[in-house]
Amino acid sequence: MGFISSFRENFEAWINKIFKKKRAKIGLYGPPNAGKTTLANRILKDWSGEGTFGTISPIPHETRRAMRKEGLMINANGSTIELDIVDTPGMATKIDFKEFMAFGLSEAESKKRAKEATEGVIEAIKWLDDLDGILLVMDSSEDPYTQVNVTVIGNMEARKLPLLIVANKMDLPNASPSRIKAAFPQHAMVQISALEGSNIDNLYQAIATNFG
Amino acid sequence: MILMREVHMDLISEEKLENMTSMEKIRLILDKVKNGKIVVLESGLTPDEEVRLIEMTMTEIRVDEFSGIEIESYPSKREGSFFDKIFGKTLKGRMTVIGPANQIHTIEKDKYQISTKVSVGD
């Protein structure tokens with residue numbers, strides 16, 4: 001049985017290689033409030049026309065469970081790539097419930113959110129083992145040199161997996177994608193506004209180029 | 001009268017880290033940081049160890065006791081011999097500072113310098 005399943009896996013891999021089957025499982029990563037879910041919703045709307053990944057909120061750690069949508073067919077650069085998209089909770093090294101109280105949540109709600117947020121970070125980390133590549137979403141108006149960005153990029157480089165940096169929130173007046181490019185010059189970067197949908201076609205072309 | 005407050009800082013050498021497993025390093029760091037110490041690692045952690053440290057930190061966060069860590073490091077450096085490159089052992093960790101999130105705050109960070117401020121509690 002082991003031999004048969006092993007043979008089947010090798011055969012499928014060989015067939016995929018021969019026919020260049022373009023399918024990839026891509027994770028959206030980044031710090032809280034970088035716009036990951038806004039982007040995930042935009043991709044879903046553009047290529048399936050229905051549904052959402054999750055709700056959007058100015059309160060950090062709104063996404064506390066990873067959400068996956070399978071089989072999104074993206075057409076760009078004259079080719080088609082089938083994507084499984086995973087919207088992951090924001091990565092962080094610290095979570096203090098008092099931060100949520102500052103947004104008007106009650107103490108009980110804040111503590112519950114903090115607990116769920118810690119679980120969400122763990123879930124995001126676990127997903128790293130099961131992806132073909134990632135979109136690292138950054139807020140262009142913030143300092144890009146955060147430890148979360150450094151750690152995620154380091155992990156993708158160590159795993160030799162493709163990474164595309166998405167400089168998001170270009171609609172903000174103080175957006176500075178050049179800071180991101182200067183911080184991580186070795187990686188491809190696309191500047192967009194997921195909220196307004198600006199430059200989104202360039203993102204799809206970059207996805208087709210980097211993950212196709 | 002001048003009130004003196006102390007910050008306990010442990011600078012851990014590359015030699016000490018080399019002889020430890022990943023889990024031993026993570027446990028050592030978290031135990032020190034949870035006791036309010038600032039830890040500076042001469043050779044840092046690998047990217048995988050960094051992410052495991054974050055994972056372990058999340059499991060140990062407790063309301064009003066421990067809200068997590070502040071960690072700052074430079075991106076790993078690619079170096080090593082020809083054979084290291086063949087076997088994929090080229091990513092080398094770099095100097096890293098780690099402390100309790102409620103005590104250490106990063107003021108500025110770029111490719112060449114990390115500036116942090118340490119608050120001392122009452």
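Let me start with B:Asp64, which is exposed, having 9 other C-beta atoms within 10 Å, and which lies in the loop between H3 and S3 of chain B. Bear in mind throughout that this is a predicted model. The phi of B:Asp64 is near 65°, a positive value in a residue other than glycine. That deserves a remark, since most residues other than glycine have a negative phi.

Chain A offers a counterpart in A:Asn33, which is not a glycine either and has a positive phi of about 65°. A:Asn33 sits in the loop between strand S1 (23-29) and helix H2 (36-48) of chain A. Is A:Asn33 buried or exposed? With 20 other C-beta atoms within 10 Å, A:Asn33 is buried, and the cut-off that decides this is 20 or more such atoms for a buried residue, as against 12 or fewer for an exposed one.

Before going further into chain B, a word on confidence. The model scores an ipTM of 0.85 and a pTM of 0.86. Chain B has an average pLDDT of 85, and 81% of its residues score at least 70. Within chain B, the lowest confidence falls in helix H4 (residues 82-86), with a mean of 58, and the highest in H2(B), at 97.

As for the overall layout, chain B contains four helices and eight strands, and along the sequence these follow the pattern β-α-α-β-α-β-β-α-β-β-β-β. Of the 122 residues in chain B, 29% are buried. If we take the contacts in chain B with a separation of 6 or more, 64% of them are between residues 24 or more positions apart.

Now to H2(B), the helix with the highest confidence in chain B. Its 13 residues, 22-34, should span 18 Å at 1.5 Å a residue, and the C-alpha atoms at its ends are 18 Å apart, so expectation and model agree. Which residues of H2(B) are buried? They are B:Ile26, B:Ile29 and B:Val33. Viewed down the axis of H2(B), these buried residues fall within an arc of 70°, and therefore they line one face of the helix. The general background is that an α-helix has 3.6 residues a turn, so residues three or four places apart point the same way. On the other side of H2(B), we find B:Met23, B:Glu24 and B:Asp31 exposed. The cover over the buried residues of H2(B) includes strand S2 (38-41), helix H3 (47-60), strand S3 (69-73) and strand S6 (96-100) of chain B. Just after the helix, B:Gly36 takes a positive phi of about 85°.

One of those covering elements, S6(B), is worth following. Five of the five residues of S6(B) are buried, which means that the strand is largely enclosed by the rest of the structure. S6(B) pairs with S2(B) in the antiparallel sense over three bridges, and here the partner of B:Val40 is B:Val97 in S6(B). S6(B) also pairs with S3(B), again in the antiparallel sense, over five bridges, with B:Ile69 standing opposite B:Pro100 in S6(B).

Further along, strand S7 (residues 104-109) and strand S8 (residues 114-118) of chain B run antiparallel and are joined by five bridges. One pair to look at is B:His105 with its bridge partner B:Lys117 in S8(B). The connection from S7(B) to S8(B) is a hairpin through four residues.

Turning to where the two chains meet, the contact takes 24 residues from chain B and 20 residues from chain A. On the chain B side, H3 and S3 each supply at least two residues, and the largest share, eight residues, comes from H3(B). By class, that side of chain B has eleven nonpolar, six polar and seven charged residues.

I will finish in chain A with A:Ile180, which is located in helix H6 (residues 177-183). A:Ile180 counts as buried, with 26 C-beta neighbours inside 10 Å. What is A:Ile180 in contact with, leaving aside its neighbours within four places in sequence? The contacts are A:Met138, A:Ser140, A:Pro144, A:Ile165, A:Ala167 and A:Met189. Finally, A:Ile180 and A:Ser141 are 39 residues apart in sequence, with a C-alpha to C-alpha distance of 9.7 Å in space.

Technical notes
Residues numbered from 1 in each chain as written. Chains lettered and ligands numbered in written order. Predicted model: local features only at pLDDT ≥ 70, side-chain atom pairs only at ≥ 80, totals over all residues. Expected span 1.5 Å × (residues − 1). Arc of directions from axis to C-beta. Contact = placed C-beta atoms within 7 Å. Nonpolar A, V, L, I, M, F, W, Y, C, P; charged D, E, K, R; others polar. Pairing = 2+ DSSP bridges. pLDDT = per-residue confidence, 0-100.
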